[in-house]
Structures are given as structure tokens and as C-alpha cells.
Amino acid sequence: MQRVESAAEPQSFDRVLSSMCTPPHPDAREAAERFLATNPGDPGTYETVAALEQRAVEQLGRIVELGDPYGYVASGGTEANLQAVRAARNLASGEVNVVAPESAHFSFRKAAEVLDVELRLVPTVDGRVDLDALAAAIDAETALVVAVAGTTEYGRIDPIPAVAKLAGTVGARLHVDAAWGGFFLPFTDHEWSFADAPIDTMTIDPHKVGRAAVPAGGFLARDERTLDALAVETPYLESTSQASLTGTRSGAGVASTVAAIEALWPAGYREGYERARSDAGWLAGELVDRGFDVVEPELPLVAVDLPEEVFDALRAAGWRVSRTSAGELRIVCMPHVTRDLLEQFLDDVDRHVTGS
Ligand SMILES: *Cc1c(COP(=O)(O)O)cnc(C)c1O
């Protein structure tokens with residue numbers, strides 16, 4: 001039997017290259033600890049953290065260019081995506097379907113299963129939704145069309161205004177999943193925000209690039225009707241209804257979201273983006289120079305086709321790397337992934353590529 005040490009230390013982020021988690025900003029860590037025992041799910045009792053949550057929603061609204069935002073701090077992107085599907089289903093009548101690109105996060109499969117709605121997955125071209133295939137997949141029963149702003153595997157951004165137009169032709173709602181990309185995209189020329197298209201709901205995770213403590217996901221909606229469609233009555237609480245999926249929630253997510261955004265928006269996030277972009281471009285170039293096939297990074301995420309034995313050797317050397325469904329190694333340039341770390345990684349790649 002294996003015993004877990006009672007004083008186990010968390011792993012360091014030393015060789016973690018494929019994760020979308022990263023150490024929280026120091027202010028976020030401190031705020032998380034202070035608010036650990038508060039419950040924003042019970043705003044009648046925990047008024048301070050409830051007020052902080054409103055601030056978090058307003059701050060997130062600023063980042064996604066939504067002037068009068070509705071929403072809450074969810075447990076993560078999975079919950080936020082599920083809630084987008086749930087709201088669309090509840091606002092529709094009769095049979096409904098949800099249409100998403102094949103590149104959409106697997107949380108939509110969970111949502112479809114839990115909510116018992118049909119999920120139609122549409123092929124992609126170069127990692128972005130194929131608009132002709134999308135047009136063919138939607139119909140009068142489509143309640144929601146999903147677009148991704150920063151796909152989990154390749155960091156691709158769907159053509160959101162064009163997707164919005166198609167969704168509009170069948171009266172479907174539009175959800176944008178910017179769980180990972182949302183804290184990078186304000187510093188790019190991409191059209192992805194509430195100001196760029198008639199988006200109804202969005203997922204943007206403070207606990208990824210936002211540098212809040214886990215768990216902190218963001219669910220945002222353009223109008224109050226969306227939250228109303230999610231609300232259930234709460235008989236034994238002072239507040240009368242609750243729109244979140246989870247009941248008791250950690251105030252740590254809320255407080256650390258506010259603290260991280262106050263510390264980093266916009267200059268700190270911009271700096272982080274510029275550095276990550278430059279590192280991703282540099283790494284992609286180095287890998288191309290070595291003769292590997294590299295998926296050109298659009299956001300700071302590099303996918304590279306390495307021989308199986310090199311991948312295995314890197315894992316054995318302690319590199320925390322994972323693969324896309326097509327088999328490429330993914331390097332996500334999160335805040336803890338420094339140029340120095342990438343240089344060490346390349347040294348190890350060189351060491352294990354023998355006879356090439
Ligand atoms: C990470 C991710 C999710 C899921 O978020 P969790 O916080 O892990 O639940 C959803 N969508 C995208 C695009 C992601 O990158």
C-alpha cells in the first residue's frame with residue numbers, strides 16, 4: 001500500500017509546460033487565504049464577499065468590453081460552459097441542439113450529457129470552425145452556437161463575427177469560450193469581445209492566465225434574462241435565488257480574482273502577454289530550425305510534432321508535457337514558463353534527438 005506523506009509539499013512548476021494552471025499572483029494568494037472561509041453562495045450572510053463578487057464581475061466586464069455585465073465567479077470554465085448551455089436550453093422551447101466546433105473543450109460534452117441536449121460538433125479548418133459546415137449544422141432547433149477564443153489544443157480563435165451572423169440566421173444564442181484566451185486577447189487585434197459581436201454569454205477564467213487562485217472561473221452574460229433563466233429559489237437563505245451551479249463556493253476564488261485584476265489590469269497582463277508571445281515565437285522558430293513540424297502559434301501556445309521516443313524521454317526526464325489528440329506536444333506559455341525554462345527544455349530535446 002502506498003502511503004501519502006502527511007506533510008506532502010505541492011509540486012513546483014519547475015518543468016510544467018502543458019498546463020493551463022500557474023502560481024497565483026502574490027496579492028491573489030493573500031486575498032484567497034483571507035477569504036477562504038467565506039461563502040459567496042450565501043450573500044445574505046457573507047455580504048462582503050458578495051460585494052466583492054460584483055466588483056469581480058465589473059472588472060471582468062471591462063476586460064471583455066461589456067459595459068453592464070451580469071455573471072458570477074464560477075468554479076471554472078467547465079461550470080461556466082455548462083451554465084451557458086443550460087441558460088440557452090432554458091430560454092428555448094421544445095427540442096434543442098447545441099452546435100460547437102470540434103475544437104471546443106470537452107466540458108461541452110459533459111454539459112450536453114448532464115443537460116440531455118444534442119451536441120453537434122462541426123469540423124475545423126486550421127483549428128478554426130469551418131463556417132460552411134457550421135451553416136449546414138445549425139437549424140431552427142439550435143439554441144446555442146459556441147465559438148472558441150483560444151482553443152485548448154492550439155490556441156486558435158474562431159471567426160466570431162461570422163459565427164455570430166450564422167447564429168443570428170436561426171435565432172440561436174452565441175457563447176464564446178475564452179476560458180484560457182480571455183486575458184491575452186485584449187492585447188491582440190482579434191475580434192472576440194462583446195463589443196465585436198452580438199455575444200450572449202462568455203467564459204473567461206481568472207484561474208488560468210488571470211493569475212487568480214483556483215477555483216476561479218468567470219461566467220458573463222450580456223443581459224439579466226440569462227441569469228434569471230439559471231436562477232432557482234433558495235428557501236432557507238436570506239437571498240431569494242441562486243444562479244450558480246454550485247451552492248457553497250469558496251470566497252477565495254472571488255477575492256483572488258479581484259486582487260489579481262487590481263494588480264495586473266491592464267499593464268501587468270499586457271506585459272505578460274508580450275513576453276509570452278515573444279517566447280512562443282522564439283520557441284516555434286527554434287523547433288522549426290531543428291526540422292520539426294510546428295503549428296504556428298496564434299496565441300502563446302506552441303504545438304510541435306516530436307518523435308514518440310523523444311516525447312517519452314522528456315516525460316522520463318521530469319518534463320510535464322502532454323499531447324494534443326493528434327499527438328503533438330503542447331507547450332503553453334503560462335506566466336511561470338520563462339525563456340530560461342524553455343532553453344533548458346530545448347537542451348533536453350537536443351539531448352534526446354539522436355541521429356537527426
Ligand atoms: C481550460 C478550459 C476549459 C475548462 O476550464 P476548467 O477551469 O478546467 O473547468 C474550458 N474551455 C477552454 C477553452 C479551456 O481552455
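What follows is a set of questions and replies about how certain terms apply to this predicted model.

Me: How do you know that Cys-21 and Cys-333 are in no disulfide?

Reply: A disulfide requires two cysteine sulfur atoms within 2.5 Å, and the sulfur of Cys-21 is 16 Å from the closest cysteine sulfur, in Cys-333, so the pair is too far apart for a bond. Seen from the other side, Cys-333 has the sulfur of Cys-21 as its nearest cysteine sulfur, again 16 Å away. A search of the whole structure accordingly gives 0 disulfides.

Me: Why is Cys-21 called partly exposed, and what makes Cys-333 buried?

Reply: Buried means under 20% relative accessible area and exposed means over 50%, with partly exposed in between. Cys-21 has a relative accessibility of 35%, which falls between those limits, and therefore it counts as partly exposed. Cys-333 has a relative accessible area of 1%, which is under 20%, and so it is buried.

Me: Why is strand 2 described as largely enclosed by the rest of the structure?

Reply: Strand 2 spans residues 97–101, and 5 of its 5 residues are buried, so the strand is largely enclosed. Asn-97, Val-99 and Pro-101 point one way from the strand, while Val-98 and Ala-100 point the other way, and all of these are buried. Strand 2 is joined to strand 3 (residues 118–122) by 5 bridges, and the two run parallel; within strand 3, Leu-121 is the bridge partner of Ala-100.

Me: What makes strand 1 and strand 9 a pair?

Reply: Pairing needs at least two bridges between the strands, and strand 1 (residues 70–74) has 5 bridges to strand 9 (residues 217–221), in the antiparallel sense. Because 5 meets the requirement of at least two, the term applies. Ala-74 has Gly-217 as its bridge partner in strand 9, and strand 1 is mostly covered, with 4 of its 5 residues buried.

Me: Why are strand 12 and strand 14 called edge strands?

Reply: The open sheet consists of 4 strands in the order 12-13-15-14, with antiparallel pairing. Strand 12 (293–295) and strand 14 (322–323) each pair on one side only, and they are the edge strands. Further in, strand 13 (residues 301–305) is joined to strand 15 (residues 329–332) by 4 bridges, and Ala-303 has Arg-330 as its partner in strand 15. Helix 9 (residues 267–289) lies across strand 12, strand 13 and strand 15, running at about 10° to strand 13.

Me: How do you know that His-175 is buried, and what makes its link to Thr-203 a polar contact?

Reply: His-175, found in strand 7 (residues 173–177), has a relative accessible area of 0%, which is under the 20% limit, and it is therefore buried. Its side chain and that of Thr-203 are joined at 3.1 Å, and because a polar contact requires N or O atoms within 3.5 Å, this distance satisfies the cut-off. Beyond its neighbours within four places in sequence, His-175 is in contact with several residues, among them Ala-80, Phe-108, Val-146 and Met-202.

Me: How do you know that the side chains of Thr-78, Thr-152 and Lys-208 are within polar-contact distance of the ligand?

Reply: A polar side-chain atom of Thr-78 lies 2.6 Å from an oxygen atom of the ligand. For Thr-152 the distance from a side-chain N or O atom to a ligand oxygen is 3.0 Å, and for Lys-208 it is 3.0 Å. These distances are within 3.5 Å, so they meet the cut-off for a polar contact. Of the 14 residues around the ligand, those that come nearest are Gly-77, Thr-78, Asp-177, His-207 and Lys-208.

Conventions. Residues numbered from 1 in each chain as written. Predicted model: local features only at pLDDT ≥ 70, side-chain atom pairs only at ≥ 80, totals over all residues. Heavy atoms only, no water. Contact = heavy atoms within 4.5 Å. Axes fitted to C-alpha atoms, helices over the stretch in contact; angles between N-to-C directions. Buried < 20%, exposed > 50% of the residue type's maximum accessible area, 1.4 Å probe, protein only. Near = heavy atom within 4 Å. Polar contact = N/O pair within 3.5 Å; in protein donor to acceptor, adjacent residues only side chain to side chain.
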